[in-house]
Amino acid sequence: MLKQKKTSLSVDIRYIQLAFMGVLLSYGVLAFDLSILKTQIILTFLSGVLTQFFWIKRLKLKWSSFLSAFITCLSLVLLLRSNNLWIHPLAAFLAINSKFFIQYKKQHFFNPSALGIFLVLLLDGSWLSPGQWGSGVILSVWMVAFGCFIARRVHRMDIAWLFLLFYLGGLLTRNLYLGYEMAIFYHATLNGSLLLFAFFMISDPRTSPNHFLGKIIFTFSVAIITLVSQYYFYIQNGLIYALVASSCFVPLLNRTFQAAPFQWDKKEEGRSLKSMIFYFLKLKEGK
Amino acid sequence: MKTFFIFMVFLFFSIGEAYGFCGFYVAKGGADLFNNASQVVLVRNEDKTVISMMNDYEGAFKEFALVVPVPSVLKKEQVNVGNKKLFERIDSFTAPRLVEYFDEDPCRPNIVFDGMVRSKSMSLDRAESSPQSSKSLGVTVEEKFTVGEYDIVVLSAKESRGLEKWLRQNKYTMPKGVHRALAPYIKQKMKFFVAKVNLKKQAKTGLTYLRPLQFAFNSEKFMLPIRLGLINAKGPQELFVYVLTKKGRVETTNYVTTKIPTNMDIPPYVKKEFSDFYKAMFEEQVRKERMKTVFMEYFWDMGWCDPCAADPLTKEELKGLGVFWLDQGPSESGSPSFRRRSRSAPMMGGAQPVKVTRLHLRYTNKTFPEDLMFHETEDNRNFQGRYVLRHPWKGSARKCEAARRYLEHLPRRQEKEAQNLARLTGWDINEIRKKVDIAKPPKESEDPKKPDGKWWQNLWK
């Protein structure tokens with residue numbers, strides 16, 4: 001059934017992801033006062049594009065691999081905050097290089113932006129702002145809707161929902177045990193940063209396990225590490241730490257529970273914007 | 001009856017309607033602008049925390065009581081009675097400010113900078129009690145001492161109903177359902193700090209108000225519980241949090257922290273109504289954000305300011321507010337306990353390893369269901385709420401060509417200022433225009449090139 005859908009709209013899903021993240025960034029800068037400078041945004045992309053360009057040339061990769069680099073850069077700009085101009089480009093540099101340096105069976109297993117963020121958080125001058133998206137219903141609905149659309153296309157919607165199930169389940173248990181009002185739970189559920197993480201980071205098809213059992217163990221691990229670090233050790237940024245820590249075991253999970261790895265659909269991959277527009281025009285004409 | 005909790009929750013109990021908010025404050029000195037407001041100074045470095053809390057309690061002192069859930073049993077040396085004036089100082093230092101400029105004579109450029117007007121915030125809440133002790137309710141009196149005008153007991157409780165009963169038996173009038181709100185704190189093994197006024201000691205101070213209470217303790221949690229204060233709050237509450245840290249700006253992690261609009265040109269008449277402006281502006285921002293946002297009104301190094309709404313706080317004053325890292329004196333590595341004021345000389349300006357973040361929020365339990373969780377960022381970009389008044393130059397368009405151009409442009413500028421003001425405050429633009437008295441553009445006859453409209457008069461000059 002999925003295959004049929006693909007043939008009816010064969011565009012590289014990463015374009016849509018990029019567009020959504022771009023809109024989110026603009027909206028965030030305009031409406032949420034994201035404390036990010038234009039220069040930081042430019043330098044992130046400059047660093048990301050140059051690094052990716054180097055690897056494209058060296059390994060003779062497809063030009064469409066730029067799309068992933070753009071997504072990494074956008075994720076960094078959406079999440080990472082810094083008081084200087086070098087943290088963002090450094091994070092982009094580290095994130096994209098990590099794809100080529102840290103591999104298991106020629107496959108990277110760390111989410112590049114999560115690892116980039118994790119590494120620069122070890123340095124002075126960087127931080128994350130988990131409260132920056134608030135807990136608004138409308139924004140959350142949009143995030144879930146687009147997130148589902150994209151995650152489904154890359155067959156990773158189960159990861160997003162499994163993670164939310166475990167994380168929110170854990171949170172609900174804690175809140176019920178402590179006797180907190182349900183409003184607190186709803187407030188946490190609608191947190192924009194959490195949804196962004198669930199649908200745009202942990203559900204990255206290339207770095208999450210392929211087998212369903214692997215996905216369950218992986219998402220459970222991320223959820224538990226996040227909850228423990230947040231509510232027991234009072235560590236900020238638990239989500240990123242949990243994802244990086246859990247990603248270490250993805251190669252093992254993939255070996256234990258074998259399933260076909262995700263490949264960007266050859267038909268879809270790298271389909272250019274021009275061909276997409278052409279495709280839509282053809283659709284309109286009813287051809 | 002009202003209840004209000006802060007930090008590990010300060011809880012005030014009040015009796016009857018007598019102390020209901022009267023709806024307005026009469027300005028005195030620095031005007032108290034916001035009703036139902038509290039001010040908290042939160043000093044934090046690593047896990048060392050000092051919280052100073054001030055309320056504008058105006059009822060009978062014997063009816064005052066305060067219940068504060070705290071992370072551990074507090075000993076006498078961890079509690080201090082602070083100085084109300086220091087709250088006024090930090091409030092005025094961080095308050096939004098007006099900056100005044102006088103337009104220069106366009107024919108002879110020259111800028112004059114004037115001072116600024118400042119605004120204020122304030123707080124109010126109330127309480128009652130008279131404690132006795134009773135066991136078998138699972139309540140243990142861990143500590144009992146007097147600090148300044150306050151009699152204090154520190155309680156630990158096994159379960160919330162027991163604590164509620166204990167408090168009732170000891171004549172603390174409790175709002176209904178308070179045990180449900182207390183339960184999560186008991187389950188997290190927190191203790192309860194209960195204070196009431198010792199009338200004799202209070203009389204000795206000769207003061208007509210209650211001084212702020214300060215606590216010093218270690219806690220991994222960087223938070224300010226506001227949840228319980230809303231149990232029976234009537235309407236939204238107002239809270240100012242001044243966070244003093246070493247590294248950088250502080251923001252909330254579970255709510256959006258937004259900067260208030262700043263650096264806007266507004267009509268000069270606002271100088272006379274700055275308090276109204278600040279209040280209306282804040283209300284408008286709260287409305288726009290549907291009361292779901294924490295506003296940052298100021299972030300700056302404590303050592304200097306530009307322009308200054310008040311002098312920077314001296315080292316002595318900062319220590320009074322609980323800043324414990326200013327000297328390498330014999331401060332304990334464990335908990336930052338209070339000591340008598342040292343003799344350090346007042347230090348105006350100069351580098352101080354202290355940053356201040358002023359956060360301001362209006363909240364109800366619907367819009368802020370969860371306690372405020374904070375984190376210290378490494379952001380060092382200064383921020384202040386700053387509003388600019390530009391007094392127009394008063395002169396004739398005939399003086400020179402630049403003057404004519406200036407006066408031609410002036411009405412447009414004034415219109416823009418009026419629109420800024422309307423947008424910021426939600427005030428009626430037509431009312432603003434009336435007050436602004438927008439200048440009329442110079443007539444053609446006032447063109448210096450065409451005196452009296454006769455073009456040839458300048459021809460052979």
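This passage looks at two helix pairs and a buried helix in chain A, and then at the overall make-up of chain B. The model is a predicted one.

Take the pair H2(A) and H7(A) to begin with. Helix H2 of chain A covers residues 13–31 and helix H7 of chain A covers residues 137–153; their axes lie 9 Å apart and the packing angle is about 165°. Angles over 145 degrees count as roughly antiparallel, so H2(A) is roughly antiparallel to H7(A). The crossing here is left-handed. On the H2(A) side, the contact draws on Ile13(A), Ile16(A), Gln17(A), Phe20(A), Leu24(A) and Tyr27(A). H7(A) answers with Leu139(A), Trp142(A), Met143(A), Phe146(A), Phe149(A), Ile150(A) and Arg153(A). Sorted by class, that contact comes out as 11 nonpolar residues, one polar and one charged.

Next come H3(A) and H4(A), which span residues 38–59 and 65–79 of chain A. Their axes come within 9 Å of each other and cross at roughly 150°, so this pair too is roughly antiparallel. The crossing of H3(A) and H4(A) is right-handed. H3(A) brings Ile41(A), Thr44(A), Phe45(A), Gly48(A), Val49(A), Gln52(A), Phe53(A) and Ile56(A) to the contact. From H4(A) come Ser65(A), Phe66(A), Ala69(A), Phe70(A), Cys73(A), Leu74(A), Leu76(A) and Val77(A). There are no charged residues in this contact, which has 12 nonpolar and four polar ones.

H4 of chain A turns up again in the surroundings of helix H6. H6(A) runs over residues 112–121, and eight of its 10 residues are buried, so the helix is largely enclosed by the rest of the structure. The buried residues are Pro112(A), Ser113(A), Ala114(A), Leu115(A), Gly116(A), Ile117(A), Val120(A) and Leu121(A). Their cover is a mix of helices and strands of chain A: besides H4, it includes helices H5 (87–101) and H12 (238–247), along with strands E1 (80–82), E3 (107–108) and E4 (126–128).

As for chain B, its secondary structure adds up to eight helices and 22 strands. The chain has 461 residues, and 59% of them count as buried. Its contacts reach well along the sequence: among those between residues at least 6 apart, 82% join residues at least 24 apart. Chain B exposes about 19600 Å², with carbon and sulfur atoms supplying 51% of that area.

Technical notes: Residues numbered from 1 in each chain as written. Chains lettered and ligands numbered in written order. Predicted model: local features only at pLDDT ≥ 70, side-chain atom pairs only at ≥ 80, totals over all residues. Heavy atoms only, no water. Axes fitted to C-alpha atoms, helices over the stretch in contact; angles between N-to-C directions. Helix = DSSP H or I, 4+ residues; strand = E, 2+ residues; numbered from the N terminus. Parallel < 35°, antiparallel > 145°, perpendicular 65-115°, else oblique. Left-handed = near helix turned anticlockwise from the far one by under 90°. Contact = heavy atoms within 4.5 Å. Nonpolar A, V, L, I, M, F, W, Y, C, P; charged D, E, K, R; others polar. Buried < 20%, exposed > 50% of the residue type's maximum accessible area, 1.4 Å probe, protein only. Areas by Shrake-Rupley, 256 points an atom, 1.4 Å probe, with all protein chains shown as cover.
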